[in-house]
Amino acid sequence: MDDESLLKYLRHYFHHSDFKNETQKDAILTILKRNTDVIVSFPSGYGRTMCYQLPSLIYLKRMTIVIIPLVARIMDQVNSLKSMEIHTEVITTLTTTSEKMRIYGDLQSELRKCHFLYVTTDQAPTSAFKQLLSHLVQTNNLSYIVVDETHCENQWIYGQKNNDYHSLGMLRKKYKEIPWIVVTATAGVDVVDFLRSVLYIKDDPKTCVRFSIPCYRPNLFYDVVQDNTNGVSVPHLKKFIDEYLTEENLSLGSDSERSSGLIFCKTREVTEHLVKDLKQNGISIAAYHAGLEEADRSSVKDLFMKGHYQLLAVTSISGMEIKKANIRLVVHWGLPSSVSAYYYESGQAGKDGNPARCRIYLTKRATSYYNPKNESMLAAAINSVDSIEQIQNSAKSFLVFLHSRYMKDFCEGLKCRHRFFSEYFGDERMECIDKCDICSIVSHGFYGGRSAIRLEMLQMGMNTYIKNICSKYHELQKNNMLTTTDALNIMKVCDEFVKANNSNNSEATLTTFNAYEKMMKVSNVDVESLSSSSPVKNNDKKDEDQLH
Ligand SMILES: Nc1ncnc2c1ncn2[C@@H]1O[C@H](COP(=O)(O)OP(=O)(O)OP(=O)(O)O)[C@@H](O)[C@H]1O
């Protein structure tokens, strides 16, 4: 099919004037050929759903089966297809037996009306589902089998859900003639390898083509706030919300246009506590988690979607159910469980492509457990047990530990936040320049960046400049809140002192080091890990590189 004809279909069904990006178009063209399997791997908001919905609609006489692990994600897609008057059916664990019989009956009748069937992953092993597949293949009525949201399996690779994917693998083996479309958000090499092996998809471009878009989302700004004094974070968070949501929303008219935010919390209890605290501070917020009654859950979600609530405090899985394009702020209240979980959860921000903020609030307590001593203890535990079950449990705890420890590295390291993601997902190395707290220190940092620092030093003279920096630092100390950005800014400035003095003026350099050490000594922030690679102590090219 040529580009122009494809565009006509896109406009007809979805009223979009063009493809969201070239990769979306290329994936659609390849899927339309129906002669290979396809893996689509896009970050949030890049239009991966379209990659299979449009080809399925073009082959209107046949039908498509879409398998998704999360019911909420299924319902989002089903509702939007139904609003386009496309006949769509859903089977999940919640579907009653009589409803299932009705749907399977229609799908196997000559007068089949249904065009899309959405099922949860757990339906794959059922005999009714296998019989349906067999019938559709024999009667040449099936265009595609789609397995979407496969990145959700990431956390389940070593767990229960794995079995459902093995059942899917059996079906893939049996029905090789049907193109399988495997769709995932940004996925690490481990996830893609797992999907290939469990679904028997070879790493061979003749039989399976992969389309992926790098994980870097330049509209998202990442930072980390370290709070080591109990209780001051709530006012700090309130200030952040006021700055990025409330003030922006004052200029907007209707509730539904208003930008909103999500706060990911570790447990249901934490969501409730935080909501109480923020409500007392005048913030419009509700808790959204699996512990709520179904009616309350859907009412909270509905009110949030309509803009009545400005924020939701969510647990991980519930937060991922939300599909809202204008989320301007995603906060993590505590250490996220893994780098990939953090990437997906924070990726709920800015799906409309406009700037959005992603911030982690962290206490020292939250990260102190993830130290080398505990790591060796957990590693040793695997060897000290005998039964398979005990080994599995120990290995699982070790894995959970490693994920968190890696996330701790993300928070406390000096690496560009976006680059950390790129390396984690195996993308090409990139520099964000000014889209995270680490990099913005270098470009337009708190103190105006390198050239501004040099200029100011020249204008003010070294001593005044040092005094100014110290007083700025004490101001931050007074508020009991020192962000990683602040700590790094200070180190950066000290770095500039050293460079400016160029070791010709040893007295001034000494003053700089003394000032630096004094600042670090009174600091609440655990800068041990930062200072070990601090540009002040190690001013060579390697460390310079780490800052970007
Ligand atoms: N060609 C297009 N032109 C304009 N908008 C598009 C196009 N294709 C998809 N979109 C829109 O982009 C948004 C994101 O698409 P989609 O729902 O497929 O997201 P996604 O990539 O699956 O990410 P996520 O599910 O994480 O939000 C949707 O609002 C969709 O309608």
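**Figure 1. Secondary structure and burial in the predicted protein chain.** The secondary structure of this predicted model amounts to 24 helices and 13 strands. The protein chain has 548 residues, of which 53% are classed as buried. Its exposed surface is about 25,400 Å², and carbon and sulfur atoms account for 52% of that area. For contacts between residues at least 6 apart in sequence, 75% link residues at least 24 apart.

**Figure 2. Crossing of helices H2 and H3.** Helix H2 spans residues 22-33 and helix H3 spans residues 48-58. Their axes come within 9 Å and cross at roughly 40°. An angle under 35 degrees would count as roughly parallel and one of 65 to 115 as roughly perpendicular; H2 is therefore oblique to H3. The crossing of the two helices is right-handed.

**Figure 3. Side-by-side listing of the residues in the contact of H2 with H3.** On H2, the participants are Gln24, Ala27, Ile28, Ile31 and Leu32. They meet Met50, Cys51, Leu54, Pro55 and Ile58 of H3. By class, the residues of this contact comprise nine nonpolar, one polar and no charged. In an α-helix, residues three or four places apart point the same way, because there are 3.6 residues a turn.

**Figure 4. Helix H13, a mostly covered element.** Helix H13 runs over residues 339-346, and eight of its eight residues are buried. The buried residues include the three tyrosines Tyr342, Tyr343 and Tyr344. Val339, Ser340 and Ala341 are likewise buried, as are Glu345 and Ser346.

How values were computed: Residues numbered from 1 in each chain as written. Predicted model: local features only at pLDDT ≥ 70, side-chain atom pairs only at ≥ 80, totals over all residues. Heavy atoms only, no water. Helix = DSSP H or I, 4+ residues; strand = E, 2+ residues; numbered from the N terminus. Buried < 20%, exposed > 50% of the residue type's maximum accessible area, 1.4 Å probe, protein only. Contact = heavy atoms within 4.5 Å. Areas by Shrake-Rupley, 256 points an atom, 1.4 Å probe, with all protein chains shown as cover. Axes fitted to C-alpha atoms, helices over the stretch in contact; angles between N-to-C directions. Parallel < 35°, antiparallel > 145°, perpendicular 65-115°, else oblique. Left-handed = near helix turned anticlockwise from the far one by under 90°. Nonpolar A, V, L, I, M, F, W, Y, C, P; charged D, E, K, R; others polar.
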